[in-house]
Amino acid sequence: DFGRAGPYTYLVMRLIEGGTLGDELHGRPLPLARISHLTGQIADALDYAHRHGIVHRDLKPTNVLLEGGDRVFLTDFGIAKLIAGGAFTGLTAPNAVMGTPTYMAPEQWRSEPVDARTDVYALGVIVYQMLSGKVPFAAETPHGLMYQHLDQQPTPVRQINPALPPAVEPVIRRALAKDRRARYASAGELARDLDQALNFPVRLPEQTVFDAPPELSDLPLDADLA
């Protein structure tokens with residue numbers, strides 16, 4: 001609901017008391033199963049918004065509310081942009097930079113048009129943070145962050161958290177591609193690939209060493225095994 005009471009304008013929304021994803025991130029990785037679970041729900045919400053022509057533009061952990069620890073609500077569409085036309089397509093002035101610097105895609109820094117892949121980039125930053133406990137880019141000033149988002153590649157996430165399956169690296173690279181054409185076309189695609197990567201064995205098949213059973217390795221080379 002919404003309305004006015006005296007000098008106040010108000011919104012009535014559901015009370016979510018489980019805190020935010022930001023409350024859960026304290027410089028350490030989250031369990032892999034939880035990362036997959038949360039990413040899938042965030043992606044579902046983003047895909048729903050994108051199907052309705054809405055780009056969030058300010059996706060970050062503090063805008064991900066948690067209910068009961070497991071159910072995700074995506075909130076704060078305050079600077080969301082309608083990309084399918086409508087009365088609010090002129091919400092921001094030309095060349096305006098909107099978003100939170102740590103999670104902004106290169107096209108936002110360049111004040112270019114945004115689309116669903118802009119939110120995919122921000123989701124990639126959040127996934128990187130959940131996997132490693134750190135954001136891919138950090139600087140003391142917005143200008144420093146801008147340079148990194150535009151021109152630098154993040155540290156491979158497995159250099160920070162070597163326990164991760166190798167298959168996560170190409171997922172992160174694609175999610176954080178500087179050129180949006182190289183990114184996932186939808187948040188759901190990113191979530192599906194991440195789920196598969198996190199369930200991939202840490203040791204690739206070619207890395208596995210098969211040891212012969214002791215009773216066979218002790219036999220003479222010319223032993224008849226038939």
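Q: To start with the surface, how much area does the protein expose, and what share of it do carbon and sulfur atoms supply?
A: The protein exposes about 12900 Å², and carbon and sulfur atoms supply 56% of that area; please keep in mind that this is a predicted model.

Q: And how much of the protein is made up of buried residues?
A: Buried residues account for 40% of the 226 residues in the protein.

Q: How many helices and strands are there?
A: There are nine helices and six strands in the protein.

Q: What about contacts across the sequence, say what share join residues at least 24 apart?
A: If one takes the contacts between residues at least 6 apart in sequence, 64% of them join residues at least 24 apart.

Q: Switching to charges, how many salt bridges does the structure hold?
A: The structure holds twelve salt bridges, and one of them pairs Glu24 with Arg34, where the closest N and O atoms are 2.5 Å apart.

Q: Where do Glu24 and Arg34 sit in the chain?
A: Glu24 belongs to helix α1 (residues 21-24) and Arg34 to helix α2 (residues 32-51), so that the pair, ten residues apart, links distant parts of the chain.

Q: Is Arg34 buried or exposed?
A: Arg34 is buried, because its relative accessible area of 17% falls under the 20% cut-off, whereas Glu24, with 23%, is partly exposed.

Q: Which residue does Asp58 form a salt bridge with?
A: Asp58 forms a salt bridge with Lys60, with 3.6 Å between the closest N and O atoms, and both Asp58 and Lys60 are buried.

Q: What about Arg181, which side chain does that one meet in a salt bridge?
A: The side chain of Arg181 meets that of Asp179 at 2.7 Å, N to O; Arg181 counts as exposed at 68% relative accessibility, while Asp179 counts as partly exposed at 33%.

Q: Which residues are joined into one network by salt bridges that share partners?
A: That network consists of Arg110, Glu112, Asp115, Arg117 and Arg180, joined through salt bridges that share partners.

Q: Let's look at Asp115 then; where is it found?
A: Asp115 is found in the loop between α3 (106-109) and α4 (116-132), and at 17% relative accessibility it counts as buried.

Q: What is Asp115 in contact with, leaving aside neighbours within four places in sequence?
A: With those neighbours left aside, Asp115 is in contact with Val55 and Arg180, and a polar contact of 3.3 Å joins the side chains of Asp115 and Arg180.

Methods: Residues numbered from 1 in each chain as written. Predicted model: local features only at pLDDT ≥ 70, side-chain atom pairs only at ≥ 80, totals over all residues. Heavy atoms only, no water. Helix = DSSP H or I, 4+ residues; strand = E, 2+ residues; numbered from the N terminus. Buried < 20%, exposed > 50% of the residue type's maximum accessible area, 1.4 Å probe, protein only. Polar contact = N/O pair within 3.5 Å; in protein donor to acceptor, adjacent residues only side chain to side chain. Contact = heavy atoms within 4.5 Å. Salt bridge = Lys/Arg side-chain N within 4 Å of Asp/Glu carboxyl O. Areas by Shrake-Rupley, 256 points an atom, 1.4 Å probe, with all protein chains shown as cover.
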